[in-house]
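Thanks for making the time this morning. I would like to walk you through one model, so please have the sequence and the structure open as I talk.

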Amino acid sequence: MNRPIRSAWMEVIPLSLSELWFVLIAVLFVGFFFLEGFDFGVGMSTGIIAKTDRERRTLINSIGPFWDGNEVWLITAGGAMFAAFPHWYATMFSGFYLPLVVVLLALIGRGVAFEFRSKMKQQRWRKTWDIIIVVSSALLPFLFGVVFATFMKGLPIDGQMQMRAGFLDIVNPYTVIGGLSVTLLCLVHGLLFASLRTVGDLRERALITAQKLMLPLAAILAVYAIMTYFMTDVFTVRGWALWIMVVLGEYRWHSQPTSFVRSVKAGPSA
């Protein structure tokens, strides 16, 4: 009874059930970084482009309706990992225990800071929460970038599925560049989002800062791609997929920024 159903399924989608789940989990993580990325960037930008308490409040309000909902993608991805690949889940969460605990604390601190910052008007109170917002918003994408870079580079795992990674297996030039790449990418993403959600001088500063960071972002991504080519087997195993992403990225780099900047400078359509 099950065999014809499986055959029909395989004819429609030539993937095994494990591969299908892996694709679904990848989609969830991509959705998390795509949506939560601008939240992290806006959080970092509160310490870069905001000059007054009102401007910092404006930036925080711009992500107010989104930031908590976007984190559901991360929770769903973790739940899908636990359901589909319990060994992967157990190995990863035990091997990355310390960085993931820091991630959890940063997520909690960031959410609490958003809610508690305006509860009192004392400058010291608000400055403390502002520091927490900036630090946690920068720390989270960096740690996520480091963790995912280690996946690409590879980690020592024994036959009992226990990770035997040392400090330098996790923290090394390749993973640090990966973490910095994700952090800078989120910052630019957040600045562009802020330029669409704010007006006046704040929007202009967000757009100008984003434009200044485009070249450093392109440079660090290029360095990371070169390091990936020489330090991992990703291009050997999945080179076709990476080249497709490179071509698409090159196309977006040459076509999108000009029209985007022009539309932002023109101001909101409403």
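Let me begin at a single residue, glycine 154, which sits just after helix 8 and takes a positive phi of about 100°. The helix that precedes it, helix 8, covers residues 123–153, and over those 31 residues it reaches 45 Å from its first C-alpha to its last, which is close to the 45 Å expected at 1.5 Å a residue.

I should say early on that what you are looking at is a predicted model, and that the confidence varies along it. The protein chain averages a pLDDT of 84, with 83% of the residues scoring at least 70. Among the elements, helix 1, at residues 2–12, has the lowest mean pLDDT, 52, while helix 10 has the highest, 94.

Stepping back to the whole chain, there are twelve helices and zero strands, so that is the pattern you meet when reading along the sequence, α-α-α-α-α-α-α-α-α-α-α-α. Of the 270 residues of the protein chain, 39% count as buried.

Now to a pair of helices. In general, two packed helices are described by the angle between their axes and the distance between the axes. Here helix 10, residues 173–197, packs with helix 11, residues 200–231, at an angle of about 155°, and their axes are 8 Å apart. Because that angle is over 145 degrees, helix 10 counts as roughly antiparallel to helix 11. As for the handedness, helix 10 passes helix 11 in a left-handed crossing. If you sort the residues of this contact by class, you find 24 nonpolar, five polar and one charged.

Let me turn to some individual positions, starting in helix 5, which spans residues 72–84 and holds isoleucine 75. Is isoleucine 75 buried or exposed? Its relative accessibility is 63%, and because of that value isoleucine 75 counts as exposed. The C-alpha atom of isoleucine 75 is separated by 9.7 Å from that of phenylalanine 29, although the two residues are 46 residues apart along the chain.

Glycine 79 also lies in helix 5, and at 38% relative accessibility glycine 79 counts as partly exposed. Between the C-alpha atoms of glycine 79 and tyrosine 89, which are ten residues apart along the chain, the separation is 9.1 Å.

The last position I would like you to find is phenylalanine 22, which has its place in helix 2, residues 17–45. With a relative accessibility of 49%, phenylalanine 22 counts as partly exposed, since the cut-off for exposed is over 50%. Along the chain, phenylalanine 22 and alanine 80 are 58 residues apart, and their C-alpha atoms are separated by 9.2 Å.

Definitions and conventions: Residues numbered from 1 in each chain as written. Predicted model: local features only at pLDDT ≥ 70, side-chain atom pairs only at ≥ 80, totals over all residues. Heavy atoms only, no water. Axes fitted to C-alpha atoms, helices over the stretch in contact; angles between N-to-C directions. Helix = DSSP H or I, 4+ residues; strand = E, 2+ residues; numbered from the N terminus. Parallel < 35°, antiparallel > 145°, perpendicular 65-115°, else oblique. Left-handed = near helix turned anticlockwise from the far one by under 90°. Nonpolar A, V, L, I, M, F, W, Y, C, P; charged D, E, K, R; others polar. pLDDT = per-residue confidence, 0-100. Expected span 1.5 Å × (residues − 1). Buried < 20%, exposed > 50% of the residue type's maximum accessible area, 1.4 Å probe, protein only.
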